[in-house]
Amino acid sequence: MVWDRWRNPDDDGLSLPAVRFDLAQYDAELARAHRERSWEWPGRAVARLLRGRLGEESGVLGRWDCGLDWAQFFPDTRDQVDLTFTSPPRHVVDEQWRASGEPVEHDQFLMRFPVDEEPAEGQVDRIVAGLRGSDPRQSAKVCGGYPARGRSATRSSTT
């Protein structure tokens, strides 16, 4: 494995030599980092676990005619996780669009959840319980769709 052609958009003069790694050692280290997550910031862990949980339990959002788009953590906002979902679910929208050849009305929603130092699993349990307990479209912000910010925008607010 070779890391080379370094670039830094803030420093055009950056000049670093290529770094070479034994491929087997490199792959082993990637596998270890994937298994052992002590390096993860809490928000990253919550986003990763939330994505996995909602992917495995599609009925959590499905009961509200919604489907997961993504759950993401951003390093510049370490105290929150963003969740986006679509209603109807994106796979339904895509199937209808392929069948009709016409854009399909749908909304994309955004919810933000605070993240703290509590174990990520407990935070995910609470988020998922809230999504099961009430229609998330009622408290989420419309952030896209077709027609974007259309019919649902009046019922939305930021969480």
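L23 is partly exposed, with 46% of relative accessible area. This residue belongs to helix α1, which covers residues 23-35. In the predicted model, L23 lies far along the chain from L110: 87 residues separate the two. In space, their C-alpha atoms are 40 Å apart. That pair gives a starting point for the overall dimensions.

The C-alpha trace spans about 55 × 40 × 30 Å along the principal axes of the protein. Five helices and six strands are present. Read from the N terminus, the elements follow the order β-β-α-α-α-β-β-α-β-α-β. The radius of gyration is 20 Å, while the globule rule gives 15 Å for 159 residues. The protein is therefore more spread out than a compact globule.

Burial and surface come next. Of the 159 residues, 31% are buried. The exposed area of the protein is about 10000 Å². Carbon and sulfur atoms supply 52% of that area. Contacts were also sorted by sequence separation. Among contacts with a separation of 6 or more, 55% join residues 24 or more positions apart. Charges were counted as well. The protein carries 22 positive and 27 negative charges. The mean positions of these two sets are 2 Å apart.

Helix α2 takes in residues 42-56, and R53 sits in this helix. Beyond its neighbours within four places in sequence, R53 is in contact with V124, D125, V128 and R132. R53 was also compared with F73. These two residues are 20 apart in sequence. From C-alpha to C-alpha, R53 and F73 are 15 Å apart in space.

R132 appears again in a second pair, this time with G62. The two are 70 residues apart in sequence, yet their C-alpha atoms are 9.6 Å apart. G62 is placed in helix α3. With a relative accessible area of 37%, G62 is partly exposed. R132 thus links two parts of the description, because R53 contacts R132 and G62 is paired with R132 by distance.The loop after α3 holds a backbone feature. D65 lies between α3 (59-62) and β3 (67-72). Phi of D65 is near 60°, a positive value in a residue other than glycine. D65 is partly exposed, at 39% relative accessible area. A positive phi also occurs at R5, where the angle is near 55°. R5 is not a glycine either. R5 is located in the loop between β1 (2-3) and β2 (19-20). At 75% relative accessible area, R5 counts as exposed.

Two cis peptide bonds were examined. One runs from S87 to P88, with omega near -5°. P88 lies in the loop that separates β4 (80-87) from α4 (90-100). Another cis bond runs from Y146 to P147, with omega near -10°. P147 falls in the segment after β6 (141-146).

The cysteines were checked for pairing. The structure holds zero disulfides. C66 is in no disulfide, and the nearest cysteine sulfur to it belongs to C143, 12 Å away. C143 is likewise in no disulfide, with the sulfur of C66 as its nearest, at 12 Å. A disulfide would need the two sulfur atoms within 2.5 Å. The surroundings of the two cysteines were then compared by accessibility. C66 has 2% relative accessibility, so this residue counts as buried. C143 has a relative accessible area of 27%, which makes it partly exposed. The cut-off for buried is under 20%.

How values were computed. Residues are numbered from 1 along each chain as its sequence is written. This is a predicted model: local features need pLDDT of at least 70, side-chain atom pairs count only at pLDDT 80 or more; totals for chains, interfaces and linings use all residues. Side-chain values use heavy atoms; hydrogens and water are left out. Helices (H or I, at least four residues) and strands (E, at least two) are DSSP runs, numbered from the N terminus. The radius of gyration is taken over C-alpha atoms; the globule rule is 2.2 Å times the number of residues to the power 0.38. Buried means under 20% relative accessible area, exposed over 50%, partly exposed in between (1.4 Å probe, protein chains only). Contact means heavy atoms within 4.5 Å. Accessible areas come from the Shrake-Rupley method with a 1.4 Å probe; for residues, only the protein chains shown count as cover. Lys and Arg count as positive and Asp and Glu as negative; His and the chain ends are not counted. The place of a charge is taken as NZ of Lys, CZ of Arg, CG of Asp or CD of Glu.
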